[in-house]
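Here is a short tour for someone meeting this structure for the first time. Take a look at the sequence and the model, then read on.

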Amino acid sequence: MSRLSISGVGRTFPAVNRGATTLALQPTNLEVADNDFITILGPSGCGKSTLLRIVAGLDEPTTGEVRLDGAPVRGPGADRGMVFQSYTLFPWLTVLQNICFGLREKGMPAAQQAEIAARFIAEVGLTGFEGHYPKQLSGGMQQRVALARALANDPKILLLDEPFGALDNQTRALMQELLLSIWELHKKTVLFVTHDVDEAIFMANRCVVFSARPGRIKNELAIDLPYPRHYTVKTTPRFSELKAQVTEDIRAESLKTAQMER
Amino acid sequence: MKPLREVAPGPRLALGVLFFILFFAAWAAATLGGFVSKTFLADPITMVRSGWTLLAEQGFAKDIGFTVWRVLGGFVLAALIAVPLGVLMGAYKPVEAFFEPFVSFARYLPASAFIPLLILWAGIGEAQKLSVIFLGSFFQLVLMIAVQVGATRRDLVEAAYTLGANDWGIVKRVLIPFSAPQVAETLRLVLGWAWTYVIVAELIGASAGIGHMITDSQALLATDQIIFGIITIGVIGLLSDLAFKRLNRGLFRWAAL
């Protein structure tokens with residue numbers, strides 16, 4: 001049985017100012033197995049983030065339903081950890097307190113919180129920064145804390161909404177490797193939304209390509225590159241082959257988006 | 001000078017002090033130079049001298065004490081109710097929909113116009129003074145705090161939800177800490193306004209207080225005492241403002257980063 005089951009999930013946004021309603025996401029089906037690393041790739045505005053937000057419980061589907069381990073998703077919860085594109089660390093809390101946020105909400109004793117937090121701070125390479133406030137950290141460091149904060153909660157599935165989108169290329173590549181190593185270590189299930197083709201192929205075992213708006217799954221690819229993946233995999237012929245294929249798919253959709261906006 | 005370029009702390013202080021010096025110099029020149037009649041405006045030296053007499057011989061310190069106690073009493077009472085209500089209004093839209101129209105209406109009611117009514121209801125004792133301050137600050141506080149709490153970044157709220165926070169957890173651990181620095185700034189601002197109400201309240205039906213001293217002095221045409229009273233209020237206001245600012249900066253170090 002799959003861990004996360006998305007069946008017939010569609011989203012229509014209500015009309016604004018007597019305009020027409022907006023169909024953001026056509027009814028979509030997706031089965032996510034345990035330990036899957038699925039990237040959702042699509043042009044901007046294709047509804048891929050909407051789908052992720054519905055899985056997180058932050059938005060409600062107009063049609064269909066999401067089930068996690070058989071139980072329907074009714075709202076947000078600690079069993080689905082999320083990392084956002086914007087920097088969402090709580091600015092009034094230190095790195096340590098940010099990572100403990102969810103644990104404290106669970107009512108875990110402070111000593112145990114600190115122990116778990118220390119482990120994840122070490123995993124994202126931020127030992128020594130426990131007492132820093134988010135504003136004292138670079139963008140990449142903030143997203144590493146956000147990742148540690150989501151992981152500390154031990155969610156069943158990790159949802160990432162273009163988490164490295166605002167970072168520069170070098171930092172982004174390092175973050176991808178970091179996330180991949182953490183995923184290989186913890187055997188998490190991951191849904192990762194991105195518009196970056198390299199990123200989508202490098203990390204995923206399955207890559208889902210979305211069509212232009214109104215979004216639907218256009219194509220699904222098994223990424224058969226072996227794990228553990230080293231960054232050098234990006235220069236292998238197989239990677240280039242997959243990249244060519246995905247680029248072709250996504251380019252057609254981006255063109256459609258561009259034409260719609262004209 | 002370049003637009004928005006910061007000025008160093010030393011020159012900044014010097015510029016601020018310079019204006020005070022120029023202000024007093026112009027005042028001294030106008031009065032001591034004989035350009036303005038003493039009946040209308042006392043000169044700075046007479047003002048300082050009669051201020052000393054007030055403090056040393058006429059128990060003006062007691063008046064100051066009364067005024068400070070009224071401002072703080074009325075303001076603290078208003079804040080004790082306004083802060084929780086503002087937080088609830090900011091957090092829960094139905095609560096806001098219920099109170100907001102009335103509060104918006106009430107904040108335009110001039111507190112000083114209620115003084116005759118308040119004398120009728122509460123007499124001329126302390127209750128009446130405190131109610132004027134309360135009326136003057138409460139509605140302003142509620143409305144501004146509600147707006148600030150309601151303006152909490154949505155992505156932080158969503159992040160907290162995905163970390164397992166429940167609705168009350170969102171209020172307690174996201175909305176309140178996020179808006180706390182601005183709420184503290186609002187309290188500081190409104191405390192300043194409370195000072196203007198207290199004098200008006202004391203002009204009518206008071207037996208002590210800075211405002212009371214000013215009314216008495218008016219009967220004697222003692223412009224030196226009136227000006228000393230006004231300056232006293234200014235100085236106390238400035239000091240309490242500085243103390244409040246320092247407290248806020250200490251409490252919310254993260255906001256200044």
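Domain bounds, as used here, come from an automatic or database domain assignment. Keep in mind, too, that this is a predicted model.

For chain A, that assignment gives domain 1 (4–79 + 157–261) and domain 2 (89–154). Their C-alpha centres lie 25 Å apart. Where the two touch, the contact takes 11 residues from domain 1 of chain A and 12 residues from domain 2 of chain A. On the domain 1 side, helix 5 (residues 169–186) of chain A gives the most, with 5 residues. That side of domain 1 divides into 10 nonpolar residues, 1 polar and no charged.

Now for the inside. The largest nonpolar core has 127 residues, and those with the most contacts inside it are A:Leu41, A:Val55, A:Leu191 and B:Val142. Which helix gives the most to this core? That would be helix 6 (residues 126–150) of chain B, with 14 residues. Domain 1 and domain 2 of chain A both give residues to this core too, so the core lies between them.

Let's pick out A:Val55. Leaving aside its neighbours within four places in sequence, A:Val55 is in contact with A:Leu4, A:Ile6, A:Val66, A:Val73, A:Arg80, A:Leu159 and A:Leu191.

A:Leu191 leads us to strand 8 (residues 189–194) of chain A. Here 6 of the 6 residues are buried, so strand 8 of chain A is largely enclosed by the rest of the structure. Both of its faces are covered: on one side sit A:Thr189, A:Leu191 and A:Val193, on the other A:Val190, A:Phe192 and A:Thr194, and all of these are buried.

So what does strand 8 of chain A pair with? Here are its partners, with a pair of facing residues for each:

| Partner strand | Sense | Bridges | Facing residues |
|---|---|---|---|
| Strand 3 (residues 37–41) of chain A | parallel | 5 bridges | A:Ile40 opposite A:Val193 |
| Strand 7 (residues 157–161) of chain A | parallel | 5 bridges | A:Ile157 opposite A:Thr189 |

How does the chain get from strand 7 of chain A to strand 8 of chain A? The path runs through helix 5 of chain A, and this β-α-β crossover is right-handed. You've met that helix already: helix 5 of chain A is the one that gives the most to the side of domain 1 touching domain 2.

Definitions and conventions
Residues are numbered from 1 along each chain as its sequence is written. Chains are lettered from A and ligands numbered from 1 in the order in which they are written. This is a predicted model: local features need pLDDT of at least 70, side-chain atom pairs count only at pLDDT 80 or more; totals for chains, interfaces and linings use all residues. A nonpolar core is a set of buried Ala, Val, Leu, Ile, Met, Phe, Trp, Tyr and Cys residues joined through C-beta atoms within 7 Å. A residue is buried if 20 or more other C-beta atoms lie within 10 Å of its own, exposed if 12 or fewer, and partly exposed in between; C-beta atoms are placed from the backbone. Helices (H or I, at least four residues) and strands (E, at least two) are DSSP runs, numbered from the N terminus. Two residues are in contact if their C-beta atoms, placed from the backbone, lie within 7 Å. Ala, Val, Leu, Ile, Met, Phe, Trp, Tyr, Cys and Pro count as nonpolar, Asp, Glu, Lys and Arg as charged, and the others, Gly among them, as polar. Two strands pair if DSSP finds at least two bridges between them. A crossover is right-handed if, with the strands pointing away from the viewer, the path from the first strand over the helix to the second runs clockwise.
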